[in-house]
Amino acid sequence: MAGVEMTAVIATEFHTIPVIFENDDLIAVDKPENLASIPERNREKISLLKILSDTLQRKFFVVHRLDKQVSGVILFAKNPETHRHLNLQFEQRKVHKTYMALVHGAVEGDAGVIETPLRRFGSGRMGEDRERGKPCRTEFSVEERMPGYTLARVNPLTGRKHQIRAHFFSIGHPVVGDALYGDKSLQKTFPRLMLHALSIRFRSAAGDEIQIESPAAQSFCRMLSIFRSKTRPK
């Protein structure tokens with residue numbers, strides 16, 4: 001099943017959440033940047049899960065998460081059976097996720113694989129640890145090059161916390177706007193983290209292949225336009 005068109009929009013006082021796929025078993029929405037996927041320490045604080053539950057007046061089950069600063073497609077199950085099925089798909093690495101990332105510097109080659117083992121440190125950052133880190137694999141291909149920056153299409157084959165962010169940092173190319181990885185003073189000058197969940201592909205419990213796509217967020221595209229305009233001759 002190919003990517004489907006937007007079916008609805010959930011509008012709140014602070015956020016507009018496009019629903020890009022929905023059936024009896026699950027819902028997929030286009031998460032804006034700077035909105036937590038699930039409640040943080042303060043469970044009353046706004047989150048995508050709370051918005052969906054309060055607005056649609058039903059319970060949703062968490063299948064996976066996107067970092068607060070990341071935009072793009074995210075799934076929630078509507079019932080325990082779908083929740084178990086999708087969790088198993090993720091555990092068996094049968095879910096194919098694609099991201100777009102703008103990173104600092106000129107990435108070497110047209111494609112590559114990063115397999116740095118990662119573990120969580122006390123600061124909340126994920127970092128390289130070849131002895132105690134968990135196995136990770138991130139594949140990428142270069143989509144576009146700009147002076148000082150590289151736009152990459154990224155497929156994380158494992159689902160570790162901050163995997164894409166930590167992996168690109170480990171090879172000397174932190175994601176643009178990531179104040180947790182890279183030069184903090186420089187990264188804070190960018191208005192957003194340049195990482196977007198572009199698509200997700202998996203199989204339903206009935207065996208149908210479902211692919212759901214989220215076009216790059218407007219804020220992501222605006223940033224790219226700024227970088228591209230700097231490369232054009234005046």
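Searching the whole structure turns up 15 salt bridges. The model is a predicted one, and a few of these pairs are worth walking through.

Start with Asp67 and Arg165, whose side chains come together in a salt bridge with an N to O distance of 2.9 Å. This pair ties together distant parts of the chain: Asp67 sits in the loop between strand S4 (61-62) and strand S5 (71-77), while Arg165 belongs to helix H3 (residues 163-170), 98 residues apart. The two partners also differ in how much surface they show. Asp67 has a relative accessible area of 21%, so it counts as partly exposed, just past the 20% under which a residue is called buried. Arg165, on the other hand, is buried, because its relative accessible area is 3%.

Arg165 has another acidic partner as well. It makes a salt bridge with Asp178, and here the closest N and O atoms are 2.7 Å apart. Again the pair links distant parts of the chain, with Arg165 in helix H3 and Asp178 in the loop between H3 and helix H4 (184-187), 13 residues apart. Asp178 has a relative accessible area of 1%, and is therefore buried. Taken together, Asp67, Arg165 and Asp178 are joined into one network by salt bridges that share partners.

A rather plainer case is found in helix H2. There, the side chains of Glu81 and Arg84 meet in a salt bridge at 4.0 Å, N to O. Both residues lie in helix H2 (residues 80-91), three residues apart, or about one turn of the helix. Glu81 and Arg84 are both exposed, whereas Arg165 and Asp178 are buried.

Turning to the nonpolar side of things, the largest nonpolar core contains 59 residues, and Leu102, Phe202 and Ile212 are those with the most contacts inside it. Phe202 gives a feel for the surroundings. Leaving out residues up to four places away in sequence, Phe202 touches Leu26, Leu75, Leu86, Val95, Ile210 and Ile212, along with Gln89, Lys94, Asp208 and Glu209. Leu75 is among these contacts, and strand S5 covers residues 71-77; Leu86 and Gln89 are there too, and helix H2 covers residues 80-91.

Another core, of five residues, lies apart from the largest one, with Leu118, Met126, Ala166 and Tyr181 among its members. Of these, Ala166 falls within the range given for helix H3, residues 163-170, the helix that also holds Arg165.

Note on methods:
Residues are numbered from 1 along each chain as its sequence is written. This is a predicted model: local features need pLDDT of at least 70, side-chain atom pairs count only at pLDDT 80 or more; totals for chains, interfaces and linings use all residues. Side-chain values use heavy atoms; hydrogens and water are left out. Helices (H or I, at least four residues) and strands (E, at least two) are DSSP runs, numbered from the N terminus. Buried means under 20% relative accessible area, exposed over 50%, partly exposed in between (1.4 Å probe, protein chains only). A nonpolar core is a set of buried Ala, Val, Leu, Ile, Met, Phe, Trp, Tyr and Cys residues joined through side-chain atoms within 4.5 Å. Contact means heavy atoms within 4.5 Å.
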